[in-house]
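Subject: Structure for your review

Dear colleague,

Please find below the structure that I am handing over to you. I should be grateful if you would read the notes that accompany it.

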Amino acid sequence: MSVLRIVALSLCLSATSWSWADDVSAIPVPETVKQLASLLEQPLLPPGRSLLQVQEFCEKRVCEIPAITSIEDWEMYVKDLRAKVLRDVVLRGEAAKWGAQPTEVEWLDTLETEHGYRIRKLRFQAVPGMFIPALLYEPTTISGKIPVFMNVNGHDSSGKVAAYKQARCINLAKRGLLVLNIEWVGMGQLRSPDFTHYRMNQLDLCGSSGIAPFYLSMKRGLDILLQHESADPTRVGVAGLSGGGWQTIFISGLDERVTLSNPVAGYSSYKTRARVFSDLGDSEQTPSDLAEVIDFTHLTAFRAPHFTLLSNNDRDRCCFAAGHALPPLLGAARPIYRMYDVPDNLWVHINHVPGSHNFEQDNREALYRFVGAKFFPGEEFHVREIPCEHELMTREQLDVPLPEGNKGFHSIALELAQDLPRVASGDAEEQRARLSRILRRQRQPVTGDTVTDLGTWQEATVTGHVWQVGKDWSVPGVDINPPNSTNVVLIVSDGGRRTAAKRIAELVSSGSRVIAIDPFYFGESRVPTHDFLFGLLIASTGNRPLGVQVDQLSAVAQHLIQKNPKERLAIEAFGRRTGLIATLTAATTTETFSSVSLNGSFESLHDILKEDIAVNEAPELFCFGLLEHFDLPQIESLAAPVTITGRVDSVRPNEPEVAK
């Protein structure tokens, strides 16, 4: 009996409960499997390669502003691009219907004060079933038309009650402005799991824009302000810190009604973000396909000729520090302001005291100076902060009643998914083409293969490969080839190739050649820092992490077939995520594979929503529109004649640690 057959028998007789997803160093396993695992974990990629490649991939796909030299051409460009962003990014799917619905407001209690203003409580629906609480600070004495101002907040659990936000609202109201203090989803009164921003991508999976509730909340806030009988539509301002700074430029760049904008430490160019990890944005800052259409440089330049104050902090350890965030934004916007001959409408303020991530007194006073200069030119306007600490109110005082069952991202996604996927049209080839379009498949070939001799395991040669897929990706894998192998099996695992050592040993011992691959985001190809945020950035550039993974697995498989045209390959996947990748690869590359064996895979894409998985746990799962058109049974049917077995495992396999 050969050594390989003895190993196979010992594996079958072993009483150990070790599974493919376990760390082989933590549970007693046969020494031969430990030896194989050691070979499988040998590094093949140069240090930092995975990170560098995803940075370069994203950076070069960010849309840039073309050279435009006339106001007429610029305004046509802006008009067309704004419409494209709203149509193709913000208001897709069911969101288009949400956006067409009128803004309706419910006015509730009024808090009277002795300080020259009153606070009116209100709520409105950003999208059906999602109520947003807000407070309107209304001057007690109003004469004629007055400016209106919307104050938004960022990632602050206090939400609209944050002291620095209340102070801003009070100071502007005392200066004669109508001020709306709007709650941000996921913060303050809306701080609950259902509103967590990383769940907005569940809407994307269903084919409706997860960014839409953010945009529509702000858009309706402006509607409410401008519906006020005393509102001056020529003087409309927005300001906010951090995530509020992102909200400020997003609504100010897309909604022409905003005539004064003050984003504070809220955003930078996508090109900057690809290199500066502190600036990598969360789901709402990096929605699917936005960077393919516009960059934040565009949104800044779109502000011309309106009043814009860019405020950043010089020692900001959170994000968007002045030194790296401002230059690309000013480089894009200043030429456009000069073209309009209004360079003084674009101001910059760099905060030095305290210089950290803040919208405290110095940044607020910069806003008051700007408001005075632009909304009240030639008039006496008090620009120093009016002390108001004794006027700040508690959460209980400022809470706005909300209806029971107020819907967040997860509950809306569950509703959207009820009738999905839609009935498919067309024959199998047409459906495969549609599936490939949803995945944004590039079908790039292997253009190079770097080979490393890793030695032997039992009688099998062990070879490391780094396949170059197209110009963008290096895919590592280990080839374990016993003498006189009878077939080829590709292995992918959620935990990386090393975690499949036990199964690889079994296959090789039975005479199979095994090639264990780590596609993007898994094993050695995992991005070592801010991994899921780079997944979001890939999707924002118009690509899909899931499509990248399918392209890589397909490219390697077809490369192997080209070297041996008579051979068809089998795939075995261990884990839910790589199981989906393997299934999609077989469905869109049917001529390459003989079978797909799944271990612990999803039964349905609906499981993602039922289990309330968020994008920071598995970014590739939220491929825009995938569930709208396909579920796993339909995808598997497209793989025919490839056989797919073992979709559901009785025990959910262990998965790699979730990135924080």
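The notes that follow describe two sheets and the helices associated with them.

Please bear in mind throughout that this is a predicted model.

The sheet of strands E1 to E9

One open sheet is built from 9 strands, arranged in the order E1-E2-E3-E5-E4-E6-E7-E8-E9, with mixed pairing. Its edge strands are E1 (105–112) and E9 (346–351), and each of these pairs on one side only. From one strand to the next, the twist averages 20 degrees.

Within this sheet, strand E7 (residues 260–264) and strand E8 (residues 307–313) are paired in the parallel sense, over 3 bridges. Here valine 264 is found opposite serine 311 of E8.

Helix H14 (residues 361–375) lies across several strands, namely E4 (146–151), E6 (231–241), E7, E8 and E9. The direction of H14 is at about 165 degrees to E9.

The sheet of strands E10 to E17

A further open sheet comprises 8 strands in the order E10-E11-E12-E14-E13-E15-E16-E17, and its pairing is also mixed. E10 and strand E17 (643–645) are at the edges with a single partner strand each, so one side of each has no neighbour in the sheet. The twist from one strand to the next averages 20 degrees.

Strand E10 (residues 446–457) runs antiparallel to E11, and 10 bridges join the two. Aspartate 449 stands opposite tryptophan 467 of E11. The two strands form a hairpin with 2 residues between them, and glutamine 458 in the turn has a positive phi of about 55 degrees.

Strand E11 (residues 460–469) is mostly covered, with 8 of its 10 residues buried. On pairing with strand E12 (residues 473–481), E11 is again in an antiparallel arrangement, over 9 bridges. Valine 462 has isoleucine 480 of E12 as its bridge partner. The hairpin of E11 and E12 has 3 residues between the strands, and glycine 470 adopts a positive phi near 60 degrees there.

E12 is in turn joined to strand E14 (residues 512–517) by 4 bridges, and these strands run antiparallel. In this pair, aspartate 479 is opposite isoleucine 515 of E14. Helix H21 packs on the sheet, where it touches strands E13 (487–493), E15 (569–574), E16 (593–599) and E17. The direction of H21 makes about 160 degrees with that of E16.

Helix packing around H21

H21 also packs with two helices, H17 and H20.

Helix H17 (residues 428–439) and helix H21 (residues 576–588) pack at an angle of about 135 degrees, their axes being 9 Å apart. H17 is therefore oblique to H21. The crossing of these helices is left-handed. Arg432, Leu435, Ser436 and Leu439 of H17 make the contact with Leu584, Ala587 and Thr588 of H21. By class, this contact of H17 with H21 has 4 nonpolar, 2 polar and 1 charged residues.

Helix H20 (residues 545–563) packs with H21 at an angle of about 65 degrees, and the axes are 9 Å apart. This crossing is right-handed. From H20, the contact involves Leu546, Gln549, Val550, Leu553 and Ser554; from H21, it involves Leu580, Ile581, Ala582, Leu584, Thr585 and Thr588. The residues of the contact of H20 with H21 comprise 7 nonpolar, 4 polar and no charged.

With kind regards

Definitions and conventions. Residues are numbered from 1 along each chain as its sequence is written. This is a predicted model: local features need pLDDT of at least 70, side-chain atom pairs count only at pLDDT 80 or more; totals for chains, interfaces and linings use all residues. Side-chain values use heavy atoms; hydrogens and water are left out. Two strands pair if DSSP finds at least two bridges between them. Axes are lines fitted to C-alpha atoms, for helices over the stretch in contact, and angles run from 0 to 180 degrees between N-to-C directions. Contact means heavy atoms within 4.5 Å. Angles under 35 degrees count as roughly parallel, over 145 as roughly antiparallel, 65 to 115 as roughly perpendicular and the rest as oblique. A crossing is left-handed if the near helix is turned anticlockwise from the far one by less than a right angle, and right-handed if clockwise. Ala, Val, Leu, Ile, Met, Phe, Trp, Tyr, Cys and Pro count as nonpolar, Asp, Glu, Lys and Arg as charged, and the others, Gly among them, as polar. Buried means under 20% relative accessible area, exposed over 50%, partly exposed in between (1.4 Å probe, protein chains only).
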